[in-house]
Amino acid sequence: MTEPSMRDRMLAGELYIADDPDLIRENERAQRLTHAINTSNPTDRERRRELLTELLGGFGEDSAIRPPLHGDYFGLVILDVETVTIGDDVQIGPYVSCSPQRTRSSLARGATSGRRPSRS
């Protein structure tokens with residue numbers, strides 16, 4: 001059986017090596033796409049949609065992200081070391097933080113991504 005990749009470990013919330021060559025390549029790819037999105041013609045919505053789909057792996061038909069977009073660490077902060085899914089009909093304003101990342105303290109309290117522990 002093969003060892004899980006550093007990306008698989010990262011997405012599973014396990015310890016991983018951040019300077020893994022595959023993770024570095026994925027980060028550089030994301031930076032190139034983000035730069036292309038941020039410098040694209042603001043009236044060329046089709047091109048921006050193509051770039052966003054390539055960057056995010058999917059992009060809803062009625063979804064919109066307006067530049068500037070900064071991957072990994074940006075005005076809208078989405079900590080993406082776990083899978084992040086944003087459903088239909090969601091609007092996200094500037095400087096919002098989405099933090100699905102589990103920490104040792106949240107795990108100790110019984111919290112899971114996106115949910116607070118119950119207080120019975």
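Colleague: In which loop is phenylalanine 59 found?
Modeller: This is a predicted model. In it, phenylalanine 59 is outside the helices and strands, in a loop. The elements on either side of that loop are α3 and β1, so the loop asked for, on the DSSP runs, is the one between α3 and β1.

Colleague: Is phenylalanine 59 buried or exposed?
Modeller: The relative accessible area of phenylalanine 59 is 18%. Buried means under 20%. Phenylalanine 59 is therefore buried.

Colleague: Which residues is phenylalanine 59 in contact with, leaving aside its neighbours within four places in sequence?
Modeller: The list includes Ala64 and Ile65. Isoleucine 65 is found, like phenylalanine 59, in the loop between α3 and β1. The full set for phenylalanine 59 is Arg49, Leu52, Thr53, Ala64 and Ile65.

Colleague: How far apart in space are phenylalanine 59 and isoleucine 86, C-alpha to C-alpha?
Modeller: In sequence, phenylalanine 59 and isoleucine 86 are 27 residues apart. In space, their C-alpha separation is 9.8 Å.

Colleague: How does isoleucine 65 count by relative accessibility: buried, partly exposed or exposed?
Modeller: Isoleucine 65 has a relative accessibility of 27%. Buried requires a value under 20% and exposed a value over 50%. With 27%, isoleucine 65 therefore counts as partly exposed.

Colleague: Which residues does isoleucine 65 contact, leaving aside its neighbours within four places in sequence?
Modeller: Phe59 is one of them. The C-alpha atom of isoleucine 92, 27 residues away along the chain, is at 9.2 Å from that of isoleucine 65. The contacts asked for are Arg48, Leu52, Leu56 and Phe59.

Colleague: Which element gives the most to the largest nonpolar core?
Modeller: The largest nonpolar core has seven residues: Leu33, Ile37, Leu51, Leu52, Leu55, Phe59 and Leu69. Two or more of these residues come from each of α2 and α3. The element that gives the most, with three residues, is α3.

Colleague: Where does serine 40 lie, and is serine 40 buried or exposed?
Modeller: Serine 40 is in the loop between α2 (21-38) and α3 (45-56). Its relative accessibility is 16%, and the limit for buried is under 20%. Serine 40 therefore counts as buried.

Colleague: What is the distance from the backbone oxygen of isoleucine 37 to a polar atom of the side chain of serine 40?
Modeller: Isoleucine 37 is one of the residues of the largest nonpolar core. Its backbone oxygen has a polar atom of the serine 40 side chain at 2.8 Å.

Colleague: How many salt bridges does the structure hold, and what is the N to O distance between arginine 47 and glutamate 50?
Modeller: Side chains of opposite charge can pair when their charged atoms come close. The structure holds four salt bridges. Arginine 47 and glutamate 50 are three residues apart in helix α3, so about one helical turn separates them. Their side chains meet in a salt bridge with an N to O distance of 3.4 Å.

Colleague: Which residue forms a salt bridge with aspartate 22?
Modeller: The partner lies in helix α2, as aspartate 22 does, three residues away, about one turn of the helix. Aspartate 22 is partly exposed at 42%, and the partner is partly exposed at 49%. The closest N and O atoms are 2.2 Å apart, and the partner is arginine 25.

Colleague: Which residue does arginine 9 pair with in a salt bridge?
Modeller: Arginine 9 counts as partly exposed, at 23% relative accessibility. Its partner is exposed, with a relative accessible area of 63%. The closest N and O atoms of the pair are 3.5 Å apart, and the partner is glutamate 3.

Colleague: In what order do the elements run from the N terminus on?
Modeller: The protein has four helices and two strands. From the N terminus on, they run α-α-α-β-β-α.

Colleague: Over which residues is the pLDDT below 50?
Modeller: The protein averages a pLDDT of 79, and 76% of the residues score at least 70. The stretch below 50 has three contacts in the model beyond near neighbours in sequence. Where pLDDT is low, the predicted coordinates should not be read in detail. The stretch is residues 115-120.

Methods: Residues numbered from 1 in each chain as written. Predicted model: local features only at pLDDT ≥ 70, side-chain atom pairs only at ≥ 80, totals over all residues. Heavy atoms only, no water. Buried < 20%, exposed > 50% of the residue type's maximum accessible area, 1.4 Å probe, protein only. Polar contact = N/O pair within 3.5 Å; in protein donor to acceptor, adjacent residues only side chain to side chain. Core = buried A, V, L, I, M, F, W, Y, C linked by side-chain atoms within 4.5 Å. pLDDT = per-residue confidence, 0-100. Contact = heavy atoms within 4.5 Å.
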